[in-house]
Structure formats: C-alpha cells, structure tokens
Amino acid sequence: MPRGFDRERTTVHKLQYHFIWCPKYRKSVLEGEVRDCLEELIEEKANELGLEILKLAIRPDHVHLFITGDPTLAPNKI
C-alpha cells in the first residue's frame, strides 16, 4: 500500500478536502478575538469528528481549511 493512505477493513483511501469560505461582501471581520474564537471552534469540531487539519489559514476576509477526512462523512457534515 502506498504511503499516506489510510487503510480500513474493506477500503484504502486518502481523502482530503480544501474548503474556502468568506463573510458576506467579503468584509474584514475575521480579526482579533473573532479569529481566535473561530480557530478554536474549527479545531474542536475537527477533534469531535476525528479529522486532521492539515492547514488552516484565517485571513481577515476569508478562511482556507485543508483537512483530511473519512469517506463515511459527507463534505457538508464536515
């Protein structure tokens, strides 16, 4: 099996998602305490779902989240 792939009982997979989202009208609201709170919430949810955050970049007007996931979870549930 190639390196970096996850092995389950019946499957071998390497599933990664790149999510990007921004506030309405791309206003610069993701700064200071809001940024810190958002980062904590994302990390808590990732731990709750058993996901690994590969890269998280929070800019003042958008967020990039690169995450590795489980094939049993739909992207909208992540």
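The exercises below, each with a worked solution, deal with a predicted model.

**Exercise 1. The loop before helix H1**

Task: Find where serine 28 lies, and decide whether serine 28 is buried, partly exposed or exposed.

Solution:
- Step 1. Serine 28 belongs to the loop that runs between strand E3 (15-21) and helix H1 (33-49).
- Step 2. The relative accessibility of serine 28 is 48%. Buried means under 20% and exposed means over 50%, so serine 28 counts as partly exposed.
- Step 3. Leaving aside residues up to four places away in sequence, serine 28 touches Pro60 and Asp61.
- Step 4. For proline 60, the C-alpha atom is separated from that of serine 28 by 4.6 Å, although their positions lie 32 residues apart along the chain.

**Exercise 2. A salt bridge between two loops**

Task: Identify the residue with which arginine 26 forms a salt bridge, and state which parts of the chain the pair links.

Solution:
- Step 1. The partner of arginine 26 is aspartate 61, and the closest N and O atoms are 3.1 Å apart. A salt bridge requires such atoms within 4 Å.
- Step 2. Arginine 26 sits in the loop between E3 and H1, while aspartate 61 sits in the loop between strand E4 (52-58) and strand E5 (63-69). The two residues are 35 residues apart, and the pair links distant parts of the chain.
- Step 3. With a relative accessible area of 43%, arginine 26 is partly exposed.
- Step 4. Aspartate 61 is also one of the residues that serine 28 touches.

**Exercise 3. Salt bridges in helix H1**

Task: State how many salt bridges are counted, then describe the pairs formed by glutamate 39 and glutamate 48.

Solution:
- Step 1. The count is three salt bridges, and the pair of arginine 26 and aspartate 61 is one of them.
- Step 2. Glutamate 39 pairs with arginine 35, with 3.3 Å between the closest N and O atoms. Because they are four residues apart in helix H1, about one helical turn separates them.
- Step 3. Glutamate 39 has a relative accessible area of 27% and is partly exposed. Arginine 35, at 30%, is partly exposed.
- Step 4. Glutamate 48 pairs with lysine 45, and here the closest N and O atoms are 3.1 Å apart. These residues are three residues apart in helix H1, so they are separated by about one helical turn.
- Step 5. Glutamate 48 is exposed, with a relative accessible area of 60%, whereas lysine 45 is partly exposed at 37%.

**Exercise 4. A charged patch**

Task: Name the residues that gather in a patch of negative charge on the surface, and place aspartate 36.

Solution:
- Step 1. The patch brings together Glu33, Asp36, Glu40, Glu43 and Glu44.
- Step 2. Aspartate 36 lies in helix H1.
- Step 3. Membership of a patch needs over 30% relative accessible area. Aspartate 36 has 42% and is partly exposed.

**Exercise 5. Backbone angles**

Task: Give the sign of phi for tyrosine 25 and arginine 26.

Solution:
- Step 1. Most residues other than glycine have a negative phi.
- Step 2. Tyrosine 25 is not a glycine, yet its phi is positive, about 60°.
- Step 3. Arginine 26 has a positive phi near 55° and is likewise a residue other than glycine.
- Step 4. Tyrosine 25 is in the loop between E3 and H1, and arginine 26 lies in that loop too.
- Step 5. The relative accessibility of tyrosine 25 is 68%, so tyrosine 25 counts as exposed, whereas arginine 26, at 43%, is partly exposed.

Definitions and conventions
Residues numbered from 1 in each chain as written. Predicted model: local features only at pLDDT ≥ 70, side-chain atom pairs only at ≥ 80, totals over all residues. Heavy atoms only, no water. Buried < 20%, exposed > 50% of the residue type's maximum accessible area, 1.4 Å probe, protein only. Contact = heavy atoms within 4.5 Å. Patch = residues over 30% accessible without salt bridge, like charges linked within 9 Å, V, L, I, M, F, W, Y side chains within 5 Å. Areas by Shrake-Rupley, 256 points an atom, 1.4 Å probe, with all protein chains shown as cover. Salt bridge = Lys/Arg side-chain N within 4 Å of Asp/Glu carboxyl O. Lys, Arg positive; Asp, Glu negative; His and termini not counted. Charge placed at Lys NZ, Arg CZ, Asp CG, Glu CD.
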